[in-house]
Each structure stands twice: as C-alpha cells, then as structure tokens.
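Student: Please take me through the packing and the charged contacts of the model shown below.

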Amino acid sequence: MSSKARPFRLPSPLLGLYGLLVAGLPLAGLAYALLGSVGLAGPLAAGFTGRYWQVLGADSGLPYAALFSGWVALASVGISTGLALLLVLRAQPTLRRWPLPGLLYVPLLMPALVVGFYLFQLLSRAGWLARISFRLGLISRLEAFPELVQDGAGIGIILAHVLLTFPFLTLLFLAIYRESRLDDYRQLTLTLGASAGQFRRRVAVPVLLRRAAPTLLLSFIATLGAYDIPLLLGRPYPQMLSVYIATRLQRFDLRELPAAYLAGFLVAVGLLLLIIGLLQLTRRVRVE
C-alpha cells in the first residue's frame, strides 16, 4: 500500500516567527518613521504637526539624492548587462574554457566595502595609478590625474558596482543561454538563412533579457539602496539615498530626526513599490 509524500510545511510557531521577522518588523519600522515624521513618535514627539513635511519639501537634497541614485543604479546595471550580454553572445568558446568560468566567481566573494576600498587605493589622486602615471611622466603633478573617485558623476561608484554585478549577470545569462538551448536555435536560424547578428538581436537578446528581467530589476533596487560603496567613493554632495538618510540621522541636532524619518519612510515605500512591480513581473514571466 503506497502512501503519498506530504509537502513539507513549517510549524505554525516558526511560520509566525518568520512572518514577524520578514514583514512585521519592517512594517513596524515604517510605521514608527511615519509617526515620527508627524510628531507622534520619537524624542521630539509633541503632538501632530506637518512642519517636518514642509521642511523636507523645501530641501532639494532628497530629490537630488534620488536622481543621483537612479543615475548610478541605471548606469551600473546597464553597463553590467551590456558587458555580460557581449561576453555570453560573442565568447561562448572562451566561457567554456578554464580559468574564465572560475574567475567570474572571484568578485562575488568580495564584500562591497573591500571592493570600494581597493578602487579608492587604485583610482584616487593619491592612489597607485596616479603615482605610476606621475613616475612615468604621463602627468606633471598628482592633481592632474583624472577625478575617478569621489567625483560628481559617480564614476567610482558605478565602476565598483559594475565589478560586482557584471560577473553575476554573466553567469546568469550563461545559465539561461544553456537552459533555453539557444545554441540549437542559433543553428536553426543560420540554416534558415539568418545571419549571426540577426540571431543575437532578434532571438538571443530578447530571450535573455525577458528571462533575466526580475533579477535585473532586483539588481537595480539593490544598487539604488547601496550604502558602503557610495559612502567610501562618493562626494558629500550629491549623495546617494542611503548615505543622505544616514547623514541626517547621525547629526547632533535632534531637530533633524523627524525629516530624516520622513525621508527614510518615503524611500522605503518607493523601494517597496518597486519590489511589488518585481513580483508582478516575475509572475508574468513564469506565465509566459
């Protein structure tokens, strides 16, 4: 007499604890931040007020931080995606030979702060490249070296995120390429008279981007909320969102706290909406 295996289910206490940690605590933090922004919680709670909303609305720092963060996240994920697609679609034989597949895992083992520190040592005007360039006579003084970290365009931040994201996306696209049997489709399209470029543009790239869309959006969200790398490689202005909020929270003036609570609340809600969009996109991709 055969018995069917029952699916594993978490016990109710563990399920409740999981729900508390994953949903309850973040929602409680959001509620506290919202109440603090209207004067109903926190060290300055003295009754309902909307003046902190007015203060933050008059401050141009948050919109600039949002725009700068969006630029850094879009550039980082866009460059990483382009490089990964280029490598997967044009260097398949190389990706199958050692040691490149193993080398792609190396950046994934490094903490973000370590990557930022090494780039600072390498690319700053007092770093290795600047000193080597000076010794070789390529620049007349160290100050003539291009500003690659702590720059207004966020070049150092973008480069650090590309170094961390590009190998991961390459491995992801490579797995999708093999799982989708795109090599077989390539042979079919070539047999039907299409060129290799047409296969890449009209078949491979759409398949890879559609299957990887949820992960790409998640990478965008993670870069948007990054803290360690922007703190080390960024300028005091403009700042990325996480650094902007942390700076306001750490000031000695307690009157800054409610506006910082509000900024954190707005950013968290915005990221939550992006995550909801991610879940809907994931569901759509699975249906297709």
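The questions and answers that follow treat empty space, ring and charge pairs, and burial.

Student: On what basis are the residues numbered, and which confidence limits apply?

Tutor: This is a predicted model in which local features need pLDDT of at least 70 and side-chain atom pairs count only at pLDDT 80 or more, while totals for chains, interfaces and linings use all residues. Residues are numbered from 1 along each chain as its sequence is written, and side-chain values use heavy atoms, with hydrogens and water left out.

Student: What is the volume of the largest pocket?

Tutor: On a 1 Å grid over the protein atoms alone, a pocket is an open set of points with protein on both sides within 12 Å along at least five of seven lines, whereas a cavity is a set where a 1.4 Å probe fits but cannot get out; lining residues have an atom within 4 Å of a point. Grid points are joined across faces, edges and corners, and a volume is the space filled by probe spheres set on the points. For the largest pocket this volume is about 250 Å³.

Student: Which residues lining the largest pocket are the closest to its centre, and which helix gives the largest share of the lining?

Tutor: Of the 16 lining residues, His161, Leu164, Thr165, Ala222 and Thr223 are the closest to the centre. Helices are DSSP runs (H or I, at least four residues), numbered from the N terminus; helix 8 (155-179), helix 10 (196-224) and helix 11 are the elements that give two or more residues to this lining. The largest share, five residues, comes from helix 10.

Student: How many charged residues are in the lining of the largest cavity?

Tutor: The structure holds one cavity of 30 Å³ or more, and the largest cavity has about 40 Å³ of space. Its lining consists of Phe68, Ile157, Pro230, Gly234, Arg235, Pro238, Gln239, Met240 and Val243. Ala, Val, Leu, Ile, Met, Phe, Trp, Tyr, Cys and Pro count as nonpolar, Asp, Glu, Lys and Arg as charged, and the others, Gly among them, as polar. By class the lining has six nonpolar residues, two polar and, of charged residues, one.

Student: Arg235 lines the largest cavity; with which residue does Arg235 form a salt bridge?

Tutor: A salt bridge is a side-chain nitrogen of Lys or Arg within 4 Å of a carboxyl oxygen of Asp or Glu, and the whole structure has three. The closest N and O atoms of the pair with Arg235 are 3.1 Å apart. This pair links distant parts of the chain, 88 residues apart, with Arg235 in the loop between helix 11 and helix 12 and its partner in the loop between helix 7 (128-135) and helix 8. The partner is Glu147.

Student: Is Glu179, which pairs with Arg211, buried or exposed?

Tutor: The closest N and O atoms of Glu179 and Arg211 are 3.2 Å apart. Glu179 lies in helix 8 and Arg211 in helix 10, so the salt bridge ties together parts that are 32 residues apart in sequence. Buried means under 20% relative accessible area, exposed over 50% and partly exposed in between (1.4 Å probe, protein chains only). Arg211 is partly exposed at 31%, whereas Glu179, at 56%, is exposed.

Student: How far apart are the closest N and O atoms of Arg181 and Asp184?

Tutor: Arg181 counts as exposed at 55% relative accessibility, and Asp184 is partly exposed at 41%. The two residues form a salt bridge whose closest N and O atoms are apart by 2.9 Å.

Student: What geometry does the aromatic pair of Tyr64 and Tyr237 have?

Tutor: Rings of Phe, Tyr and Trp (its six-membered ring) pair if their centres lie within 6.5 Å; planes under 30 degrees apart count as stacked, over 60 as edge-to-face and the rest as tilted. The structure holds two aromatic pairs. In the pair of Tyr64 and Tyr237, the centres are 5.9 Å apart and the planes are at 65°, which is edge-to-face.

Student: Why does this pair tie together parts that are distant in sequence, and how many residues apart are they?

Tutor: Tyr64 lies in helix 3 (residues 61-90) and Tyr237 in the loop between helix 11 (228-233) and helix 12 (241-249), so the parts tied together are apart in sequence by 173 residues.

Student: Which helix supplies the largest share of the largest nonpolar core?

Tutor: A nonpolar core is a set of buried Ala, Val, Leu, Ile, Met, Phe, Trp, Tyr and Cys residues joined through side-chain atoms within 4.5 Å. The largest has 35 residues, and those with the most contacts inside it are Leu62, Phe173, Tyr177, Leu208 and Tyr244. Helix 3, helix 8, helix 10, helix 12 and helix 13 (257-287) each supply at least two residues. The largest share, nine residues, comes from helix 3.

Student: How many residues of helix 12 are buried?

Tutor: The buried residues of helix 12 include Val243, Tyr244 and Arg248. Helix 12 is largely enclosed by the rest of the structure, because the buried residues among its nine number seven.
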